[in-house]
Each structure stands twice: as C-alpha cells, then as structure tokens.
Amino acid sequence: MQTAKDLKEYRAELREALDNEFLRQAMDKFAVAYRGSRAKAFAGMDLKGLIADVAQAKDGAAQRMDELLSEFTAKAEAAGVKVHVARTALEANEIIAAIAKENGVKKIVKSKSMTAEEIHLNDHLEGQGYEVTETDLGEWIIQLRHEGPTHMVMPAIHLSRNQVADLFSEVTGTKQEVDIQKLVKVARRELRRKFVEADMGISGGNFAIAETGTIALCTNEGNARLVTTLPRVHVALVGLDKLTPSINDALRVIKALPRNATGQAITSYVSWITGPGECQSSPDGKKEMHVVFLDNGRRALAKDPMFSQVLRCIRCGACANVCPVYRLVGGHQLGHIYIGAIGLILTYFYHGREKAKNLVQNCINCGACKAVCAGGIDLPKLIKEVHARIQDEEGHPLQSQLLGKVLKSRKLFHALLRSAKAVQKPITGGTPYLRHLPMIFAKDQNFRALPAIAETPFRDRFEALKPRVSSPKLRVALFSGCVQDFVYPEQAEAAVKILGKHNVDVSFPMDQSCCGLPVQMMGEREASRSVAEQNVRAFDPASCDYILTLCASCASHLKHGYPDILAGDPKLDVKVRQFADRVIDFSSFVHDVLKVQPEEFRKDGKKVTYHSPCHLCRGLHVTEAPRALMGIGGLEYIPAEEEDVCCGFGGTYSMKFPELSAELLKKKLANVEKTGAELLLTDCPGCIMQLRGGLEAKGSTVKVAHVAEALAERLK
Amino acid sequence: MSESQPLSRLFEEKAKAVSAVVSKVTSLEQALAHAVDLCDKKDACQILVSGCELPLSATGEALCETKQQKILAAPGLEPKLFAKLKELAAERGILCIDTGMRQRLGGVDIAFTVADFGIAETGTLVFDSNSEEQRLATMIAEFHLAVLPVSKIREKSFDLEEELLALLQKSPSYTAFVTGASRTADIERVLALGVHGPLELHILLLED
C-alpha cells in the first residue's frame, strides 16, 4: 500500500525495505528459483505463439466487452444466477453488502480475489458488521496482520515462518512451533470452522465464459471449492476484463497462467461453475448465486488506444517475479494493491495518481517484465506513459523541465557539456573521474566513481579519424549518443578503426544529439519527441546503409521508440521507418554484417566475462553476437551468473534512486568477480559508466571495456 | 488400446510429478478392495495429521471430537458397487457412507470416486461435481482415491473441449479439474500438501 506523501518519504520507505534482511534473502532466492521453474514449465512449448494468442484473444474480448457481458448475463440468468454490474468500487461494495443483508448473512468466507482487494471489499463489509474471513492461507495471514498483499499470487511472500508462527500463536491463543508443515495444518483446522459457520462465500473469477455463463476459478489450496460449496450464498466478484467468449479461450489462458505464475503446469484445482447448484444448508436445498461484474474504469480502458492492452493481464504476477527492483524492495514498495510492473500502471487507473505518483517513477526500464508477460503487454512503455500523464496533470518537476529544455536545443546542450569540461578540473584532480563531488551529490552517489567529461568530444575528433576508403562496400552513419560523444569517445574511435579495416565508409552527421531516452524516462514527452525528430532529420536515412550505434539503449530507443514517438506525423512517417530499419548495434554489425574472422585478431586468451545490457538482450534481442565476438577476438569468455540482469544504471534512474541502483550494481559486480575474469565487456556506454565506476569505487582490479575496444585493441 | 498406452504412461508421469500416487487395477472390484486396504492401512489416527495434535483454539479443537471410527466416503458410486464396498469395509470395521458429508466436516479418511476424464499432459482428473456430497467428500477426505478408466484419458485439455462444453452447458453444473493434492507454498514458498483439501491424491488407472 502506498502512503508516502512525496518522493522523499517514498525513498525512506525503500531504504527501510532494503534493510529488511529476511525480505532480501527471500526475494533473491525466489527470483533465481522462478527463472528455472518457469523455463522448465514452458520447455518444448511455443511460448511466443502462446503469448501472441493470449494477447489477441484478450484484445478481442476487450473490444467485445459489452456484447460478451450480454451473452454471459443471458446464459447465467437462465441458469438462475443474479448478475450485477458495478460501475465503481463503491457500487460493487454496496451491491455485495446488500446481498448479504437480504440473505440474513452474518459470517462470510472468501477465496482469494485481487478484484476484492482492489475495491477494499473486506473493509466495507466489516464496517457493516459482517465477519469476513480470508481462506487462502497467504490472504488469511495478511488479513490477520492488517496488511495488503505483496505479490499477486503469493500475498505473504514477504513474511518469515517465525512471523507466521508468532501470528498463529496470537490467533489460537496457544504457542505454535516454527514449522511450516505444522503451521499449514493449524490454518487448515482453524479455517475449517470458518467454512462450516459461513452463510456466504465470496470468490473472484479467473474467467467469466460467455458461451455457457460459467465462472471458472483456479486455486491450489482448494479453498475456492469450499467457499463456493458450503455457504448457502455464493457471490463471485469479477472484473469485466475476465469476460471471455469460449471455453477454448479459458483453456488457453490456463496453459499460460500457472506456468508463468509459479512454474506449475496447472493449478491443483480448476472449478467451473454454471449456475447455482444443490446446497443442503439452504432452506430450499438450492444455492443462491450472484455474479458482480466490476467496471471501475475497465470499459473506458477497453476503448483507450494505448492502454487497452492492460486488460490482457491474467494476474500471474510474473512481471513482479522478474523485476530487479521488486526483488530488492518487495511488493509493499512496488505496488499499492496490484503489484509489480502491471501494478504501477493499474494503480493510476484504479486508485488514483496520489497512490501512483511515486511508484511509477520506480521503474528502471530494463524490460524484464515485458519479456515474460503472458499477454505481451508493453509494460515499460505504459509505465512511462503513466508517469508522463501524472506530470502533465500535476506539473513537471523543475529538474526534468530543465533537462527537457536543454536537450531540445542541441547547441545549448553541447555548449553546456563543453563548459562543464572546462570547469571540472578542481573535481577530477586530473583523473578520468569526478573525485570531489559537490556535496549535494556526494552522499548518495559515492557507490560509484562518476566519469569526467572527455578532453575532446568525438565529434571534434571525427574528421581526423574518418577512414579514407575508395569504393566502400557499405555506407555507415554513426550515432554516438551523448556518452560516447562527450565522455567515452575512445569507444566510438575503436569502432571506426574496425570499420575502416573493412572498407566501410563512415559518416558522422553533426546535427545529431542525445537520443532522447533520458527525457522519455522522465516523462518529458514533448522534449523526447522534438529530439527524435531532430535526429531523424540529421541522418537523412536514405543516404546510408546502416545507422550504427555502440550504445544499446540508444539503439533500442532509435529502433523501437522512435516509430512510436513520431507516429502520426505525415511529414516523418517514411523517414522514421527508414531510419529505424537501418539502426543496428555494434556487435550485431561486426558479427553478422562484417563477419569478422579470428585471423584478424591477435589471440591472447585473456579471461573475460560479459554484461548483457537490458536494451541489447531484451530491447533488441541480441544475445549471440557479442558472446561469439569474444571468442573470435581471441579472448576466453567465462559466463557470469545473471548476465542479463540489469546493472542498476537506468540512466536518470540511478540519480533518482541511488540506493537501489547501488544494490543492483553490488549484485552485478559480485557475479562478475566470481568468474575470476580480468576484463568485463559490454555493449553500452551507460552500463560501462556504472560498472567501471562501481569497480573503481571498490578498488577492484577488474577492467571494463566496450566490446569494440577489446576488438580494436587486438586487431592485427 | 495401443493408442491409450502411451497416454496412460504420460498421465502417470505427470500425475506423479505433482505427488499423486498412481497404481493400476484391472477391474472396479479390484479398485474397491484397494480402497478398503488403503483405508485399513492408513494410520488409525491419521486424521491427527490434519491438525488435531497441534495446539489449536478451543473452537478449532472441538472439530477433532467429531470423528470416532474410520470412514470411507463414496458418494455417487452406483448402488451395486457401493453395496459391495460397504460389505468389504464392514469386514475391516470401516464405516462406509455416501451421504451426510455436512455432518462430517471435521474430516473423513478416504473419498472414493470415479473420474469422468483424465488429461495426460498435466496429470489432471476431470469430475462432474454437481453433487454436493461428491464435492465435499473429495475436499474433507484426508486421502482422495480416484479411479480413472484409461479409455477416458485425452492428451491435452483442448482434446476435451467438446465434452467440457457439454458439461458446462448443463445448468446448474459444477465441473472440477483436480491435479495432485491440495497444496500451498504461501509460507516462505515451501511446499505443503493438504491445506484445505486432501493430503494425498491416489489414482487407480483402470485398464478398460
């Protein structure tokens, strides 16, 4: 749950979570175990195809929401169900309370429902004097602790067996042993009584199947079976997004849901309920059944051209499972009710911007969530969009406004960088790092050494470096990005050296500027758009064969971000497409296009390891080329653990959340050092800034370089 | 028959992977004998496993008093088979019932059922669970023992779509997929079987 008033308070909560030793260990174990069990669960299956099918089916259902609602209602009513539609959370709460009242209900048992959490149903019913008991073990635990869930599937994942034993001791009034198997049995017995006494059972619904008027529920514990069987009244609270045309659609989602959630092939129980059946505890021997559909913005979302895809969410929680930030701080800090990447978005729509405004900034944009989403939702993009919308509504912070203004004018931006270079002497102490940071940065940022601005930017060196080639085999236009232009020009220089050897004509359009990702990340859409347009114009894409960049983040932003950002501008439609089609990263270009050979390099067998930049491996799906290049370049590649997990840089993220950035870096460097490699290679100057700075700060001897530098150095 | 052979093998493999105990029988009579044997061999106070030996609240503990004798529940079994089962059970001093589950919510030892279908790729049993007695028996029993005729096994859930549609179109209806025993990993992600439902699921593959 979000209670922080501002970013400062939110950061204090994050620091507290970071200090929770148990949480950190539990999350680490989970993150690693999940990866393996998910891969095993999907082994041999066409996962991409499945995701695409789920996405398509869910999109189709969202577009036909009202039609499916009518069809479902007709079928369900014919079966004896009373169907309600609640426009708001309050309406849903009132409808359910009224059902309880009409039926003379006193005690209620519930099976797990995120939708009920969304509307704070328990609070409402308890406020009216009903006794409400959650029967899913995890939900019961957090109910007893008066907490919100920290995971969509495992709501009590943040708690230790000791905490549960203490809690159960309190609840039973008897000392409980710290033994998970025994604690589970205690819950079984205590809750059985609640089932017996309840007059009403409330469930959620994983599916509302229109063709048969059926509600389907997936559970592992089997509590939903008891909730829907024992009490004389059953109320299913279901989001309108759970309406689905056919059994076939439900079976398809069931194929993905448990596998993506926990690595299980299927949940222990799937219950399919059409209409109120036999109920011996009811005076007439028949169950009373209600289905309450919740809108709460879903109908409007279905019509939103950008956000309708959030309705594809099947609530598997995978986006949290793989999120490096969630892994550090857990669900209370990375969600309000809905947790993880999808939670950052849904909070804005279902619980308002006050709850979402801090949260939504805590995305490092590594793309891990998007890569595993069962519905193929472009989560990072939508998170940024929510961020931008909140800023548009609440006003932009001065810092991001300024950055936006500066980046929009290339000349101003570059002039600032040049003057920064001129005045940095006192803080570099003649080293390539900013040694004596001004006090405002020093405390938070000293987990890594920050680099100094280079003496001469790449753009000023280029004319002298430009390979003089006659009848070139390819024309490549270089996009340096700000970091290689002004901080690490030697990386771009290394690339030019290799290109020259291969008879490639290289150009460097001087009007290029920052790719715009930093302002996009900060929710400055206007500046982001303007910079994108300037770059497309600067390159005039038809005049070259490739647009090469050594920065993974720039590359993925230029290739996938630009067409999106500049969409709908008829003057740019063709150019931006041509531009994006030509963008290629360094490793892919050298490996797949130039096809460099081992004979070109001096083999020295130096031990190297690799960091796979988020925007290369997930943004561009490039994984093989850089690893192959290390071998071709005569190096001995030793894989590190979790090579594709974010280094914690995330551009402006590391400035905003330095304590989280530092922790991610710490994990990364520990994995690097474990390999015993002397050299760490990667494909992104941003990652290099973070990794090199971190190793420098801890006094490590491991060196960091761009793949291009390692290759150029070994060219024969 | 040749078709169902690999399917039943796949079913067995997948069901075992989720901790189901799988055996083979050649007739329903043999299955009945198996049920009585299992009930007989089961610890006399096995019901304690589900919580009675633990310190409970006074109301939780009251439930433990409700059971005196071993009970085998077989609701929905055809009358002739039920009579046979009752006879076999009586020989071992086991009470055999097919109704009154609501009076036994503290728990019974074994629920004996015959599954309508099986899904091999996940080791799943499919039950038409319209009967409240059947649904409750398979939840309150410590062990659920289900007979699955091999001829009713399909490879994938999608192969059952037509049959499932027929089941769901009946109104009212309650259909259940059951895969392994009731389970949770809600405390520290440690697997625990038998949260609200059976502690063990036994499946008898019936060669028919």
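The paragraphs below go through a predicted model, from the domains of chain A to its core, one helix, one buried serine and the contact with chain B.

Chain A is assigned two domains, domain 1 (45–299) and domain 2 (458–713). Taken over C-alpha atoms, the centres of domain 1 and domain 2 of chain A are 47 Å apart.

The largest nonpolar core has 195 residues. Within this core, the residues that touch the most other members are A:Phe72, A:Trp272, A:Phe293 and A:Leu681. Among the contributing elements, helix H12 (residues 247–262) of chain A gives the most, with 8 residues. Both domains take part: domain 1 (45–299) and domain 2 (458–713) of chain A each provide at least three residues to this core. There is also a second core, separate from the largest one, with 56 residues. Its members include A:Leu183, A:Val184 and A:Phe195, together with B:Ala137 from chain B.

A:Phe72, named above for its contacts in the core, is one of the buried residues of H4(A). Helix H4 spans residues 65–78 of chain A, 14 residues in total. From its first C-alpha to its last the helix reaches 20 Å, close to the 20 Å expected at 1.5 Å a residue. Which residues of H4(A) are buried? They are A:Met65, A:Leu68, A:Leu69, A:Phe72, A:Thr73 and A:Ala76. These residues lie on the same side of H4(A), because they cover an arc of only 135° around the axis. The general background is that an α-helix has 3.6 residues a turn, so residues three or four places apart point the same way. After H4(A) comes A:Gly80, which has a positive phi, near 100°.

A:Ser400 belongs to helix H20 (residues 398–408) of chain A. A:Ser400 has a relative accessible area of 2% and therefore counts as buried, the cut-off being under 20%. Leaving aside residues up to four places away in sequence, A:Ser400 touches A:Gln391, A:Met522 and A:Glu524. A:Glu524 is 124 residues from A:Ser400 along the chain, yet their C-alpha atoms are separated by 7.0 Å.

The last topic is the contact between the chains. Here 66 residues of chain B are in contact with 76 residues of chain A. The size of an interface is often given as the accessible area lost when the parts come together. Between chain B and chain A, the buried area is about 6,100 Å², and carbon and sulfur atoms give 57% of that area. On the chain B side, B:Asp186, B:Ile187 and B:His196 supply 13% of the area that chain B buries against chain A, more than any other three residues.

Definitions and conventions
Residues numbered from 1 in each chain as written. Chains lettered and ligands numbered in written order. Predicted model: local features only at pLDDT ≥ 70, side-chain atom pairs only at ≥ 80, totals over all residues. Heavy atoms only, no water. Core = buried A, V, L, I, M, F, W, Y, C linked by side-chain atoms within 4.5 Å. Buried < 20%, exposed > 50% of the residue type's maximum accessible area, 1.4 Å probe, protein only. Helix = DSSP H or I, 4+ residues; strand = E, 2+ residues; numbered from the N terminus. Domains from an automatic or database assignment. Expected span 1.5 Å × (residues − 1). Arc of directions from axis to C-beta. Contact = heavy atoms within 4.5 Å. Buried area = accessible area lost by both parts, 1.4 Å probe.
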